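The following exercises concern the geometry of helix packing, sheet topology and backbone conformation. Each task is followed by a solution in steps.

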Amino acid sequence: MRKSEMASSGLHEALRTGPFEHALRLAIQASGLTLARIRARMAERGMPVGLATLSYWQRGRSRPRSAALVRALEEVVGVPQGALQTLLSPARQQQPAPERPWYAVTPRQVCANAETVQRLLVELANPFDGQLIALSVHEHLTLAPGRGIDALDLQILRQARIDGVDRDAVIAACEPGELPVRWRSERTRLGRVATDHQAGVMVVEARFPHPLRRGENLLVDTVFEFTGRGSACTAWGGGFRAGAQTYCLTVRFPAGDPPARVWRVFRPDNSSPTVDVGDIQVDGNLVAHFIDFDLPPGYYGMRWCWN
């Protein structure tokens, strides 16, 4: 399922309930158009608008003030006439937004080993589970000469949803029987650890330098080191139960041992098969990567083969 198809599945409901920016963001994703292409098509209709303005509209930082602009926008992104304009009506904006769960799906729906993860989180008794937003997630996976995992560099830009959040739980979900042998962080103090060796899951407590205020951001960085002698790693990715604003994944392959092919993969939930959504090229440094924005809930990653 491509990103446009994922967005289409929720667009009808978003046009009914709003808010405007959520519906517009899904409409843009469903259209398959880039912001640059939307700007060009708006200009063709005599409605010039800047890229920054379009970005602000879909993020809720500002809203269009011209009905003519909105009509042109509806035509360009392919939604029924008046669908977006209705969400901007003064009466509609005075209505309270419908109550929506913070997590759009349960962990079990997107994480294959979610039950193990949840059990380990309970072991750590983290009172702030669910009170941190992942603004961006960057994962850099390095493979050892034997094709096992050498290191995982994980950086998550977090934002507190309430006052007083002073810790996070960082998760490394690997192959069964394989766990990191060392872990470190430059910005946080790593504390308690809960593991399930058989499942290949480790959860590490990361304590912040100070309690965060609501809306305050903090970069949580963790490097997990492995023996490199584990079984060959042929896939990596992340499951997001609340989606993500930005997700970047890079994989560095062993020197002199590039894979024959790398695919980008996606599944909306664990009841659906994992599907290939495109090829990824390996550069001259033997690194494959992708970056994406405004992701709905689901699992995103790569798989590769050497044969």
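**Exercise 1.** At what angle do helix α2 and helix α4 pack, and how far apart are their axes? Classify the arrangement and describe the contact.

*Solution.* The model is a predicted one.

Step 1. Helix α2 covers residues 20-31 and helix α4 residues 51-59; they pack at an angle of about 120°, and their axes are 6 Å apart.

Step 2. Angles of 65 to 115 degrees count as roughly perpendicular and those over 145 as roughly antiparallel. The two helices, α2 and α4, are therefore oblique to each other.

Step 3. On the α2 side the contact involves Phe20, Glu21, Leu24, Arg25 and Ile28, while α4 contributes Trp57, Gln58 and Arg59.

Step 4. By residue class, the contact of α2 with α4 comprises four nonpolar, one polar and three charged residues.

**Exercise 2.** Characterise the crossing of helix α3 and helix α5.

*Solution.*

Step 1. The axes of α3 (residues 35-44) and α5 (residues 67-77) come within 10 Å and cross at roughly 125°. This angle makes α3 oblique to α5.

Step 2. The handedness of the crossing of α3 and α5 is right-handed.

Step 3. From α3, the residues Ile38, Arg41 and Met42 meet Leu69, Ala72, Leu73, Val76 and Val77 of α5.

Step 4. Seven of the residues in the contact of α3 with α5 are nonpolar, none is polar and one is charged.

**Exercise 3.** Establish the strand order of the six-stranded sheet and identify its edges.

*Solution.*

Step 1. The sheet is open, its pairing is mixed, and its order is β4-β7-β2-β1-β9-β12.

Step 2. At the edges stand β4 (182-184) and β12 (287-295); each has a single partner strand, so one side of each lacks a neighbour in the sheet.

Step 3. From one strand to the next, the twist averages 10°.

Step 4. Strand β9 (residues 244-252) runs antiparallel to β12, and eight bridges join the two. Thr246 stands opposite Phe293 of β12.

**Exercise 4.** Carry out the corresponding analysis for the four-stranded sheet.

*Solution.*

Step 1. This open sheet has the order β8-β13-β10-β11, with antiparallel pairing.

Step 2. The edge strands are β8 (235-240) and β11; each has a single partner strand, so one side of each is without a neighbour in the sheet.

Step 3. The twist averages 20° from one strand to the next.

Step 4. Seven bridges pair strand β10 (residues 261-267) with strand β13 (residues 298-305) in the antiparallel sense. Val262 stands opposite Trp304 in β13.

**Exercise 5.** Describe the burial and the pairing of strand β3.

*Solution.*

Step 1. Strand β3 (residues 165-173) is mostly covered, with seven of its nine residues buried.

Step 2. Eight bridges connect β3 to strand β6 (residues 201-212), and the two run antiparallel.

Step 3. The bridge partner of Ala173 in β6 is Val201.

**Exercise 6.** Are Arg147 and Leu286 buried or partly exposed? Give the phi value and the location of each.

*Solution.*

Step 1. Arg147 is not a glycine, and its phi is positive, near 80°. The residue Arg147 is found in the loop between β1 (132-143) and β2 (149-160).

Step 2. Residues under 20% relative accessible area count as buried and those over 50% as exposed. Arg147, at 27% relative accessibility, therefore counts as partly exposed.

Step 3. Leu286, also not a glycine, has a positive phi of about 60°. Leu286 is placed in the loop between β11 (275-279) and β12.

Step 4. Leu286 has a relative accessible area of 16% and is therefore buried.

Notes
Residues are numbered from 1 along each chain as its sequence is written. This is a predicted model: local features need pLDDT of at least 70, side-chain atom pairs count only at pLDDT 80 or more; totals for chains, interfaces and linings use all residues. Side-chain values use heavy atoms; hydrogens and water are left out. Two strands pair if DSSP finds at least two bridges between them. Helices (H or I, at least four residues) and strands (E, at least two) are DSSP runs, numbered from the N terminus. Axes are lines fitted to C-alpha atoms, for helices over the stretch in contact, and angles run from 0 to 180 degrees between N-to-C directions. Angles under 35 degrees count as roughly parallel, over 145 as roughly antiparallel, 65 to 115 as roughly perpendicular and the rest as oblique. A crossing is left-handed if the near helix is turned anticlockwise from the far one by less than a right angle, and right-handed if clockwise. Contact means heavy atoms within 4.5 Å. Ala, Val, Leu, Ile, Met, Phe, Trp, Tyr, Cys and Pro count as nonpolar, Asp, Glu, Lys and Arg as charged, and the others, Gly among them, as polar. Buried means under 20% relative accessible area, exposed over 50%, partly exposed in between (1.4 Å probe, protein chains only).
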